Amino acid sequence: SRMLAAVARPYSHGGKVARLTLSMGMTVYPRDASEEPDALIRHADQALHEAKRKGKSCLCRFDPVNDLRQQEHQAHYTRLVEALERDEFCLYYQPKIDLSSGEVAGVEALIRWQHPDRGLLLPGSFLPGLENTDFTFPLGDWVLRQALHQIRRWQDGGLSLAVCVNVFGHHLQQPDFVERLSLILQEFPDVSPSDLQMEILETTAMNDLDEVSRRLLDCQRLGISFSLDDFGTGYSSLNYFRRLPVKFLKIDRSFVQDIIDNVEDQALVESIVKMAHALNRQVVAEGVESVAHGVPLVRYGCDLAQGYGIARPMPAQAVVDWIPTWRMPDLWAAERPLVDAGDRYGRSLR
Ligand code: C2E
Ligand code: CA
Ligand code: CA
C-alpha cells in the first residue's frame, strides 16, 4: 500500500507534472503450494495481469482456490467441445399431453450426454456454468438440427409430432440468431417450422426485454412458437409475461409437486391458469408425477401436462412405441368440464 501511495504522488520535473500508476501482483508460498519457483513467478504475473484488468493502480494476490476452479472449468469446457465433435450428445423426448382431448400434443427435447466412461449424464451434471459461454452457439445449433432431423424421421414413419427445444438465453441473444435459425430451417425443407417450438427462461429476457421480444417476433414470423419455462421460480414479472410474445406458459414443477393436498399451491396454479387464459396464453404444467397430480390440473382448465406420471423422457424410438400405449386416465376424463365446442378458453371461467 505504501508503494502504491508513493508512486501515486505526482512528480514534477522541469516545470512539468507527471503521474505514474503502479500495478502489482503477488503470490505467497506456501498458501500457493507450487514447488517450482517458475510457477510462483507465473502466478504473481497472472495476479499482475488481474491488477491491470481491474483498472491499474492496485495490488492483486493470486488466488490458488479460484485458479483451480478456473482450470477445472476450462478442462470441462474443452471436454464438452470434444464431446460435441465426437457426437456424444443425444436428445431424449418427453411427451406433453393435451388435457382437453387426451392426445399427445408434442414432446420436449432434453439433452443427454452419453459419456464413454460415466454413462448417460443428465444436463444438471454438465450444463451449469455453460449458460453464458460461446459453447452454447454450436451446442444450441446442434440441438436445433437434431430436433429437426427427428421431426423428419418421425414424419417419414408417419408420425407427426411437434418438438419443443430449450434455448440458451446466450444463444438466443446472439445478433445473428434468427439468420442462423432460418438457414438451419432451410436445411429441412420438408419440415414445417411450426413443428418446432422453443422454451426460454424468464432470465433470458431480463437483460433487454424489448430486444428479446423483437427476437421472438422474428422467430414467430418463421413459424416458431415460444413457451416461457419454469414460470413462478424467477421474478415472474407480470410485465415480462405481458410483453413477451409467448404462446405458452410452463408452470414450474415446484408448484405442481404438492398440488394434491397443498391448498396454497392449488390456489396459485388455478390463478395462474386464469391469468394466462385471460391474456390469451395456454398453460403447460410440468412435473405431473402421478395421475392424481393431473386431476386438479384438469379441473382448473390447464391446457397441457408433462411429467413422470405420463411418461419419462425417452429416446426417439421409444416414443414411437409409447404413443399407442397412451390413454387418458379415467380420473382425468371424469374431471373434464363441459365446454361449448370451440370455446377453448371458456373452461377458465369455471
Ligand atoms: P426443464 O426445461 O425444466 O426440463 C424439465 C426437467 O424436468 C427435465 O430434466 C425432465 O426430465 C424433468 N422432469 C420431467 N418430468 C418430471 C417429473 O414429473 N418430476 C420431476 N422431478 N422431474 C421431471 P432434465 O432432462 O434433467 O433437464 C434439466 C434441465 O436442463 C432442463 O430443465 C433445461 O433447463 C436444461 N436442458 C435440458 N436440455 C436442454 C437443451 O437441449 N438446451 C438447453 N438450453 N437446456 C436444456
Ligand atoms: Ca424446458
Ligand atoms: Ca421447466
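In this predicted model, the calcium ion called ligand 2 is held by four protein donors: Glu-108 (OE), Asn-166 (OD1), Glu-199 (OE) and Asp-229 (OD), lying 2.1 to 2.3 Å from the ion. Read along the chain, these donor residues follow the pattern E-x57-N-x32-E-x29-D. Glu-108 sits in strand β6 and Asp-229 in strand β10 (residues 225-231), so this pair ties together parts of the chain that are 121 residues apart in sequence. Both Glu-108 and Asp-229 are buried.

A second calcium ion, ligand 3, lies 4.0 Å from ligand 2, and Asp-229 coordinates both ions. The protein donors of ligand 3 come from Asp-229 (OD), Asp-230 (OD) and Glu-286, which is listed twice through OE, and they lie 2.1 to 2.5 Å from the ion. Their spacing along the chain is D-D-x55-E. Here Asp-229 of strand β10 is paired with Glu-286, a residue of the loop between β12 (282-285) and α12 (291-300), so parts 57 residues apart in sequence are tied together. Asp-229 and Glu-286 are both buried. Asp-230, by contrast, counts as partly exposed, at 26% relative accessibility. This strand β10 residue also has a backbone quirk: its phi is positive, about 55 degrees, although Asp-230 is not a glycine.

Next comes ligand 1. It is surrounded by 21 residues, and the closest are Ile-111, Arg-112, Arg-253, Glu-289 and Tyr-308. Several polar atoms face each other here. A nitrogen atom of ligand 1 is 2.5 Å from an N or O atom in the side chain of Glu-289, while an oxygen atom of the ligand is 2.8 Å from one in the side chain of Arg-112. Asn-166, a donor to the calcium ion ligand 2, turns up again: an N or O atom in its side chain is 3.1 Å from an oxygen atom of ligand 1. On its own, ligand 1 has 800 Å² of accessible area, and the protein covers 84% of it.

Away from the ligands, helix α3 (residues 64-85) has 22 residues and reaches 32 Å from its first C-alpha to its last, close to the 32 Å expected at 1.5 Å a residue. At its N-terminal end, Asp-63 acts as a cap, with a side-chain oxygen 3.0 Å from the backbone nitrogen of Val-65. Which residues of α3 are buried? They are Asp-67, Arg-79, Leu-80, Ala-83 and Leu-84. These buried residues pack against α2 (37-53), β5 (89-98), β6 (104-115) and α4 (136-156). Strand β6 is also where Glu-108 is found. After the helix comes Asp-87, with a positive phi near 65 degrees.

The loops around α2 have details of their own. In the loop between β3 (24-26) and α2 lies Thr-27, whose side chain makes a polar contact of 2.7 Å with the side chain of Asp-32. Leaving aside residues up to four places away in sequence, Thr-27 touches Asp-32, Leu-40, His-43, Ala-44 and Phe-62. Pro-30 is in that loop between β3 and α2 as well, and a cis peptide bond, with omega about 10 degrees, joins Tyr-29 to Pro-30. Ser-57 belongs to the loop between α2 and β4 (59-61). Its phi is near 50 degrees, a positive value in a residue other than glycine, and Ser-57 is partly exposed, with a relative accessible area of 41%.

Terms used:
Residues are numbered from 1 along each chain as its sequence is written. Chains are lettered from A and ligands numbered from 1 in the order in which they are written. This is a predicted model: local features need pLDDT of at least 70, side-chain atom pairs count only at pLDDT 80 or more; totals for chains, interfaces and linings use all residues. Side-chain values use heavy atoms; hydrogens and water are left out. Helices (H or I, at least four residues) and strands (E, at least two) are DSSP runs, numbered from the N terminus. The expected span of a helix is 1.5 Å times one less than its number of residues. Buried means under 20% relative accessible area, exposed over 50%, partly exposed in between (1.4 Å probe, protein chains only). Contact means heavy atoms within 4.5 Å. A polar contact is a pair of N or O atoms within 3.5 Å; within protein, one must be able to donate a hydrogen and the other to accept it, and residues adjacent in sequence count only if both atoms are side-chain atoms. A residue is near a molecule or strand if one of its heavy atoms lies within 4 Å of it. Accessible areas come from the Shrake-Rupley method with a 1.4 Å probe; for residues, only the protein chains shown count as cover. Donors are N, O and S atoms within 2.8 Å of the metal (3.2 Å for Na, K and Ca); water is not among the atoms, so sites may look incomplete.
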